[in-house]
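Biologist: Hi, have you got a minute to walk me through this one? I'd like to hear about the rings first, then whatever else you have.

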Amino acid sequence: MKERSRQINANAIRESDSDKVPEKSPNKEVPASTEVMEGRELTERNAGEDAAIQAQNWEVASSGLEGVRQRAKADKTLRFNNLLHHITPELLRQSFYHLKHTAAPGVDEMRWKDYAQGLDERLRHLHERIHKGSYRAQPVRRTYILKENGTQRPLGVTAVEDKIVQTATVNVLLPIYDTDMLGFSYGFRIGKSQHMALDALAVAIDRRRIKWILDADIKAFFDQIPHSILMELIELRVGDKRILRLIRKWLKTGYSEDGIVHRQDVGTPQGSVISPFLANIYLHYVLDQWVEYERKTRPCGDVIIVRFADDFVIGFAHRATAERYLAELRDRFTAFGLTLHPDKTRLIEFGRYAATNRSKRGDGKPETFNFLGFTHICATNRKGGFFLKRTTIAKRLKNKVKEITADLRKRMHRPVKETGDWLKSVFRGHVNYYGVPGNLEALKSFRDLIAGAWRKVLRRRSQKGRTMTWEKFRKILDAYLPHVQICHPFPNVRFDAIHSR
């Protein structure tokens, strides 16, 4: 399999950046931006200005890392042999404060607040061990949560110290790989977000001749990535043996369950900071560059793709093209140790023409697909034209209400104000993500369901709680839960504001 992966890597990955294909980038920009890859115009700023180095939720402005970014952008074949010196005590400190303060402890039983005691000395000693090569990664503590189908899903809890070093390493490597990533990749990127991915998908379906959607799912993705191939791909850009040694430590450390440490040769460590970043790199080479190579060398109608981490959707103008992509993608994934889920991977008729074409054949309404928390539906607007409706995935809404209801029961005897403030924060977080045009009814349903759960808990606090009528409760409810409203613009509005036509 290793030789097979090298062959595919040489033929597809390297050729995708060869001089045989005309450069599409405006103003000599490398790499090509989102707009260019999808055939859209760039604004002058996008091609000429450089943003500060920042992770998706954290900014690290460093002249040294900016220099790394500029060199990576200028030379796509450059291997960086001297990166470890960018992991400084200050970067470790920023990494520590970036961590979630209430996270569960790892195998060392140390929490964030415990590590904060004597932080300066701890970070000084950690920095020293990293650069001397005496730093040792600890196994991930494995726990399980029960899924709806009765099976258990493994979760990993990483030790605080490992989280710090991993976060720092990600922010050193991010400037390199962010310049390599293609425009349709939105996960763990500088200045990218889930809603930008959703906007790009909606605009592409609306404006391009998309008639078929490949709704793909990679089976046990994070558990199946072969370490040997992953390290080969990382070494295409990273030549610093000390950084590579750190990554190997995190991959090989395994997980601890019932006091027994299990080593692994495949899969990225569950629950670790580095895991999604490494997985994103893997799919960049395995999926993104292959799709881009196919689009350039074997054009056959419109082909669009949007990917966020391991979630991706590919749209096609022709069914024959879609079926060819699906068959070849299965083979390619197999060569790289991955498998498309046989039950969750579907090729469906979708888009502006789907409803009409299916109606003529008597096939009923177009099927729907899920992406980034939303169910995408072929609908019509008030004028009868095509409208891509996006609603909260029913199962996610149901699970979220269950989770909130369970927490409300635990908070039954706490002050109303304390519970109300907490519920307001949870509610706003939900609405801020799911408040897209077309999803108002799902948001109203969410508010009604958690309101009913809260009232039920208040009525059970004591015998006097039976007097908590809806009329009385609404005064409390309105004081803490605002009425739902759409907080995101239509996809084309935000998309066009970012990408000038």
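Modeller: Happy to! This is a predicted model. On the rings, Phe96, Tyr97, Trp112 and Tyr115 are joined into a cluster by ring pairs.

Biologist: Nice. How many aromatic pairs does the structure hold?

Modeller: There are 18 aromatic pairs. One of them is between phenylalanine 316 and tyrosine 325, with the centres 5.1 Å apart and 65° between the planes, an edge-to-face arrangement.

Biologist: Are phenylalanine 316 and tyrosine 325 buried or exposed?

Modeller: Both phenylalanine 316 and tyrosine 325 are buried.

Biologist: And what about the rings of tyrosine 433 and tyrosine 434?

Modeller: Their planes stand at 80° and the ring centres are 4.9 Å apart, so tyrosine 433 and tyrosine 434 make an edge-to-face pair. Tyrosine 433 counts as buried because its relative accessibility is 17%, and the cut-off for buried is under 20%. Tyrosine 434 is buried too, at 10%.

Biologist: Back to phenylalanine 316 for a second. Which residue is its bridge partner?

Modeller: Phenylalanine 316 sits in β7 and is bridged to valine 303. β6 and β7 (residues 311-316) run antiparallel, and six bridges join them.

Biologist: What sheet do those strands belong to, and in what order do its strands come?

Modeller: It's an open sheet of four strands, ordered β6-β7-β3-β8, with antiparallel pairing.

Biologist: Which strands stand at the edges, and why do they have a side without a neighbour?

Modeller: That would be β6 (303-308) and β8 (346-349). Each has a single partner strand, so one side of each has no neighbour in the sheet. On average, neighbouring strands here are turned by 20° against each other, ignoring direction.

Biologist: Which helix packs on β6 and β7?

Modeller: Helix α13 (residues 274-297) packs on the sheet and touches β6 and β7, and its direction makes about 170° with that of β6. Then there's helix α14 (residues 319-335), which lies across β3 (212-215), β6, β7 and β8 and runs at about 145° to β7.

Biologist: Good, I can see that now. Change of topic: where does arginine 447 lie?

Modeller: Arginine 447 is in helix α18, which covers residues 440-459.

Biologist: Why does arginine 447 count as buried?

Modeller: Its relative accessible area is 7%, so arginine 447 falls in the buried class, for which the cut-off is under 20%.

Biologist: What is arginine 447 in contact with?

Modeller: Setting aside neighbours within four places in sequence, arginine 447 is in contact with Phe427, Leu477, Asp478, Leu481, Pro482, His483 and Val484. For proline 482, the backbone oxygen lies 3.2 Å from a polar atom of the arginine 447 side chain.

Biologist: One more residue: is glutamine 194 buried or partly exposed?

Modeller: Glutamine 194 counts as partly exposed, at 30% relative accessibility. You'll find glutamine 194 in helix α9 (residues 194-207). Its C-alpha atom is 9.9 Å from that of alanine 309, although the two are 115 residues apart along the chain.

Biologist: Let's zoom out. How many helices and strands does the chain have?

Modeller: The chain has 20 helices and 11 strands. Of its 501 residues, 51% are buried.

Biologist: And how much area does the chain expose?

Modeller: About 24,400 Å², with carbon and sulfur atoms supplying 49% of that. As for contacts with a separation of 6 or more, 71% are between residues 24 or more positions apart.

Biologist: Great, thanks for the tour!

How values were computed:
Residues are numbered from 1 along each chain as its sequence is written. This is a predicted model: local features need pLDDT of at least 70, side-chain atom pairs count only at pLDDT 80 or more; totals for chains, interfaces and linings use all residues. Side-chain values use heavy atoms; hydrogens and water are left out. Two strands pair if DSSP finds at least two bridges between them. Helices (H or I, at least four residues) and strands (E, at least two) are DSSP runs, numbered from the N terminus. Axes are lines fitted to C-alpha atoms, for helices over the stretch in contact, and angles run from 0 to 180 degrees between N-to-C directions. Contact means heavy atoms within 4.5 Å. Buried means under 20% relative accessible area, exposed over 50%, partly exposed in between (1.4 Å probe, protein chains only). Accessible areas come from the Shrake-Rupley method with a 1.4 Å probe; for residues, only the protein chains shown count as cover. A polar contact is a pair of N or O atoms within 3.5 Å; within protein, one must be able to donate a hydrogen and the other to accept it, and residues adjacent in sequence count only if both atoms are side-chain atoms. Rings of Phe, Tyr and Trp (its six-membered ring) pair if their centres lie within 6.5 Å; planes under 30 degrees apart count as stacked, over 60 as edge-to-face and the rest as tilted.
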